[in-house]
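Visitor: I'm new to reading structures, so could you walk me through this one? Let's start with how its parts fit together.

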2 protein chains.
Amino acid sequence: MTLPHAEVETPVFMPVGTVGSVKAVPQHLLEDLDARIILGNTYHLYLRPGHALIRRMGGLHRFMSWPRAILTDSGGFQVFSLNELRKVTEDGVEFRSHLDGSSHFFSPEHSMDGQIALGSDIAMAFDECTEYPACYARARRSLDLTLRWAARSREHFERHKQERPWDEGFEDKTPSLFGIVQGGMYKDLRRESAERLVEMDFPGYAIGGLSVGEPRELTRQVIAETLPLLPADKPRYVMGVGYPDEIAEYAAMGVDMMDCVLPTRAARHGLLFTSEGRLNIKNKRFAEDQGPADPECGCLVCRRYGRAYLRHLIAAQEPLSAVLNTLHNLAFYLETMRKVRAGIESSTTALKSDL
Amino acid sequence: MTLPHAEVETPVFMPVGTVGSVKAVPQHLLEDLDARIILGNTYHLYLRPGHALIRRMGGLHRFMSWPRAILTDSGGFQVFSLNELRKVTEDGVEFRSHLDGSSHFFSPEHSMDGQIALGSDIAMAFDECTEYPACYARARRSLDLTLRWAARSREHFERHKQERPWDEGFEDKTPSLFGIVQGGMYKDLRRESAERLVEMDFPGYAIGGLSVGEPRELTRQVIAETLPLLPADKPRYVMGVGYPDEIAEYAAMGVDMMDCVLPTRAARHGLLFTSEGRLNIKNKRFAEDQGPADPECGCLVCRRYGRAYLRHLIAAQEPLSAVLNTLHNLAFYLETMRKVRAGIESSTTALKSDL
């Protein structure tokens, strides 16, 4: 995937940099992990420090000193998940800040303006993330609204995408806008959503409305049913997933892009992902365990620190705990994707040599 | 200064790694800053994770994966400053944990055993840190107790210093024990303390009981009066100081070693030390300031990030804020000492070429 700010090999897992920082990790260590693309949250950045400010600072890449690619979500997910008092109309969503209760309004046009101001490489259409469970009629209405918003998003984005605040050297490059498939857990609605989005001809497509509380098997099923409806020669992105075995599985199914707060958020709570499964590093049984978090991992944390030390750091509430745990979890996720890519490559090679 | 785990050029500022971590900074970034020696707090490490555990883990160097030098304090300062209900007897101090209120007892022998178990390169004699203000009679009694404890510390330390838990390759090396001058703000008591400690012939001497609330001018005065009483051919260490201009001033007066939580603690509150003075990076006036925290600083933070981003990180309570602010402040402190050393060297060279 060739983006304005990076070449990105797929399938790719994108670390989440919610509010202009992948929590606890300095940018140069993200580069050392070979992260090529991270995600920024339009909603959070809109509230703090604000899109207009980031535009004046030259865009999010420059503001946070991250020269590689950035994907921004539309703000829709947070507007819905962090706001019980939101008011949805045809025009957009009125919501209250989860920080100070102040009142705000997002429309597809606002979301596009915001994402263009941030200067993301990939922007996402403004969608309504259908809650789970939702009855058929509700999922249908929600889907229709999302499709009308997708058309408005696309129109506004195409008219204004040249206004991205990028530095010199990017004159001939523009950001891309991806559409988002909704439709709840209903196969025919997912199909309709996918088909109508594909008609609009986006350069990439996301499957949204998953990881909203549904059982894992249902997530997999919706992905399996929806993926074939999306063009295989364009990036297919599943938003908000998942555990390491899930991202490996979805990648093997043909998903090109995924993001999730799990590796970073779990790290701050002491949950480490390893080749031997999950470790709750807070556990007293690690108090004198000098082995690395993951004996098969070559990350800087596993090369240098033992479980006993990582356990001590979180028990003593040391800020270094979040730094090291996050570094390891991200290394594990990115390595998981590297292995999937290597597997795809070697099976492609095997196929070729069979011919 | 040749220590078992490092060559340390003096004057040196030692970052404080309270409970086995210089807060928020991964060890490899401390190495990148060229920190050669850090400080560990015997009191904090005694409570969490415990000296016996650290000994079983091969000592503090190995536990925290810090191959360079470590100085440990005696625990005395925290026992006194964090405990209102402490009970001091000739034998030692009974105190309550600031974490859970549990009851504990430290004697000079306990402190030595603890520091030997940690495996520090430099241990400190167990002292009573005289409070400020203290009347003459109180300072006198406190000083006498500290001198008796210094003798007990020395005796116990010499008998057990071979028991340090160091790895192979250190067979012929042992830790050193420094004495601590007390005496409140009274010149004759400081003199008596220094002279009686020098008679005991420690390999290095600290000036303790400063930075306990006294005015800055008094700190300077006590240092100026006490330094000449300590042998110039042995390390002279002022504990718990100070601001950048203070450490430069004290170094110029002949102080060889200093430590202070100020650069690390202030960083977490958004106070940055720069060649242009102190910046409260939280201040709204930095919201759109794209310049580096310190235009004269070459640290990785100043090379990569602008004030606007640092201000955003602390305003949004991002954990990266503590990491970056601490890195900068430590870089500034260590650079301040490098400049002092370069100044001393060049004036020495100038002196030689004059001859």
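Visitor: By what turn can chain A be laid on chain B?

Guide: Keep in mind that this is a predicted model. Laying chain A on chain B gives an RMSD of 0.0 Å, and the shift along the axis is 0.0 Å. The two copies are thus related as by a two-fold rotation axis. The turn that does it is 180°.

Visitor: Which residue of chain A comes closest to the rotation axis?

Guide: Here we go by C-alpha atoms, and the distance to look for is 3.8 Å. The residue of chain A at that distance from the axis is P319(A).

Visitor: What percentage of the interface residues of chain A are also interface residues in chain B?

Guide: Let's begin with the contacts: 39 residues of chain A touch 39 residues of chain B. The copies meet through the same surface, because the share of chain A's interface residues that are also interface residues in chain B is 100%.

Visitor: How much area is buried between chain A and chain B?

Guide: The size of an interface is often given as the accessible area lost when the parts come together. Carbon and sulfur atoms give 54% of the area buried between chain A and chain B. The total comes to about 3400 Å².

Visitor: Which residue of chain A meets E318(B) in a salt bridge?

Guide: The rule finds six salt bridges across the interface of chain A and chain B. In the one you're asking about, N to O is 2.4 Å, well inside the 4 Å cut-off. The partner of E318(B) is K23(A).

Visitor: Which element gives the most to the side of chain A that touches chain B?

Guide: Several elements give two or more residues to that side, including α1 (27-32), α12 (300-304) and α14 (319-354) of chain A. The one giving the most supplies five residues, and that's α13(A).

Visitor: How many residues on that side of chain A are nonpolar?

Guide: Take the others out of the way: seven are polar and eight are charged. The nonpolar group has 24.

Visitor: Does E9(A) count as buried, partly exposed or exposed, and which category is it?

Guide: E9(A) sits in the loop between β2 (6-7) and β3 (12-14) of chain A. E9(A) touches R36(A), R341(A) and E345(A), leaving aside residues up to four places away in sequence. Its relative accessibility is 43%, so E9(A) counts as partly exposed.

Visitor: How far apart in space are E9(A) and R338(A)?

Guide: Along the sequence, E9(A) and R338(A) are 329 residues apart. In space, C-alpha to C-alpha, E9(A) and R338(A) are separated by 9.0 Å.

How values were computed
Residues are numbered from 1 along each chain as its sequence is written. Chains are lettered from A and ligands numbered from 1 in the order in which they are written. This is a predicted model: local features need pLDDT of at least 70, side-chain atom pairs count only at pLDDT 80 or more; totals for chains, interfaces and linings use all residues. Side-chain values use heavy atoms; hydrogens and water are left out. Contact means heavy atoms within 4.5 Å. Buried area is the accessible area (1.4 Å probe) that two parts lose on being put together, summed over both. A salt bridge is a side-chain nitrogen of Lys or Arg within 4 Å of a carboxyl oxygen of Asp or Glu. Helices (H or I, at least four residues) and strands (E, at least two) are DSSP runs, numbered from the N terminus. Ala, Val, Leu, Ile, Met, Phe, Trp, Tyr, Cys and Pro count as nonpolar, Asp, Glu, Lys and Arg as charged, and the others, Gly among them, as polar. Copies are superposed by least squares on the C-alpha atoms of residues with pLDDT of at least 70 in both. Buried means under 20% relative accessible area, exposed over 50%, partly exposed in between (1.4 Å probe, protein chains only).
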